[in-house]
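Subject: Handover of a structure

Dear colleague,

Please find the structure below, followed by an account of what was found in it.

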Amino acid sequence: MYTHPAQAVAGVITAGTLLLAAQSVFAIGSASAATPAATVIAPPASAPATDPAIPAPALQQAEELTEIVVHSTEPRFVLPTRRDQIGRIWAPVYINGQGPFRLVLDSGANHSGITAQVAQTLGLPLDSTQQVMLRGVTGSAAVPTVRVESFSVGDLQEGAERLPIVIDALGGAEGILGTDRMQNRRISIDFRHDRISIARSKGEHAEAGYRVIPFETMRGNLLVVDASVGGVRTKAIIDTGGQVTIANLALRAALEHRRAQLRGTVTQIEGVTTDIQAAAEISTPPLHIGGVDADGGSIEIRYRNVSYGDMKIFEHWRLTDEPAMLVGMDALGWLDTLVIDYRRHELQIRMRDTG
């Protein structure tokens, strides 16, 4: 998860993408050129960056907790991206029969976790003898766990298990809902009507008016789609927990090979572990993803800017040598509806009416 600088303190972008490892390790889990008929997801225009090109960053970007700014007038669970805010997706989760607690739905996280405040509400003691390693975008940290007797969301119900304690930096969210429970599930996110549903997939085909994008899974349930950026084949990782879009240095180098040197502004990425890494925020060509519809066209996704950096998470995923990008909510939040069907290995999306 990530927060746009306007929502962060002192220009620090807060990031997420949570991976876990312990004595028993929790493992976490190209593109085609755009066709002429392109559908555009268009965020607000941003002025081209004018600062000097930034050298390879050396700081660290953390786990998948997004810092989400919450106001009393916001929708309860699903908030679209607008010109003055980045969207977010929360899921209502019941733990030990209590709740619902609002957990950030994070398709880039391999495991769920809750904040210490939720553990206190539930009367659960933190167990430092059963620590796990949180591995995020910018770094890693050992954290205690708690034992819960039940965990349910939608039609998904789990029994006793251990959950890690994540840093309480979610801006009102109470934890992370990861992908460890999502095998054969279908998640429907309706930004317009503030609705989210998580149910067992019945293999439904997309409804009329939806675009279908096939995806592959990597390192567990990490969602990867074939895409291109400025003509460069790119692995695009769908990250509903990330507030801004982040790319590796391989993509930056490939783009610079095709055009003039990219120039941007220095920013910092802070993850759930509070590790910080430097990044270059750069105006970037839109992301093109092949999608199936009546016209056979591609989908063009735009973002405010893209933050490029040598993030720890790319090293962990062994994605430092080929162009890769974490597509965050600054782009995904411009959709009308997003369906993730893990059984069909499809994204089914309906575009927001820009008229």
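Leu105 stands opposite Leu177 in strand E13. This pair belongs to the contact between strand E6 (residues 98–105) and E13 (residues 175–177), which pair in the parallel sense over 2 bridges. Here helices (H or I, at least four residues) and strands (E, at least two) are DSSP runs numbered from the N terminus, and two strands pair if DSSP finds at least two bridges between them.

Please note that this is a predicted model, in which local features need pLDDT of at least 70 and side-chain atom pairs count only at pLDDT 80 or more, while totals for chains, interfaces and linings use all residues. Residues are numbered from 1 along each chain as its sequence is written, and side-chain values use heavy atoms, with hydrogens and water left out.

Strands E5 and E6

E6 also pairs with strand E5, in the antiparallel sense and over 5 bridges. Within this pairing, Phe101 in E6 is the bridge partner of Val93. The hairpin of E5 and E6 has 2 residues between the strands, and Asn96 takes a positive phi near 55° in it. E6 also holds Pro100, and the peptide bond that leads to Pro100 from Gly99 is cis, with omega near 5°. For context, most peptide bonds are trans, and most residues other than glycine have a negative phi.

Trp90 is placed in E5 (residues 88–95). Trp90 counts as buried because its relative accessibility is 0%; buried means under 20% relative accessible area, exposed over 50%, and partly exposed in between, with a 1.4 Å probe and protein chains only. Its C-alpha atom is separated by 9.3 Å from that of Glu174, although the two residues are 84 apart along the chain.

Further positive phi values

Asn184, in the loop between E13 and strand E14, has a positive phi of about 60° although it is not a glycine. With a relative accessible area of 40%, Asn184 is partly exposed. Arg318 also has a positive phi, near 60°, and is a residue other than glycine. Arg318 is located in the loop between helix H3 and strand E26 and counts as exposed, at 69% relative accessibility.

Helix H2 and Glu322

The loop between H3 (312–316) and E26 (324–327) also contains Glu322. Glu322 counts as partly exposed because its relative accessibility is 35%. Leaving aside residues up to four places away in sequence, Glu322 touches Lys235, Asn248 and Ala250, where contact means heavy atoms within 4.5 Å. The C-alpha atoms of Glu322 and Ala250 are separated by 5.6 Å, with their positions 72 residues apart along the chain.

Ala250 is one of the buried residues of helix H2 (residues 249–258), together with Leu251, Arg252 and Leu255. Among the elements that cover these buried residues are strand E18 (222–229), strand E19 (232–238), strand E22 (276–282) and E26.

Strand E22

E22 is largely enclosed by the rest of the structure, because 6 of its 7 residues are buried. Strand E21 (residues 265–270) runs antiparallel to E22 and is joined to it by 6 bridges; Ala279 in E22 is the bridge partner of Thr267. E22 also pairs with strand E25, in the antiparallel sense over 3 bridges, and Ala280 stands opposite Tyr308 in E25.

Nonpolar cores

A nonpolar core is a set of buried Ala, Val, Leu, Ile, Met, Phe, Trp, Tyr and Cys residues joined through side-chain atoms within 4.5 Å. The largest such core has 82 residues, and those with the most contacts inside it are Leu287 and Leu347. E18 gives the most to this core, with 6 residues. A second, separate core of 6 residues includes Ala109, Val143, Val166 and Ile176. The residues that Leu347 touches, not counting those up to four places away in sequence, include Phe215, Leu223, Ile238 and Leu338.

Yours sincerely
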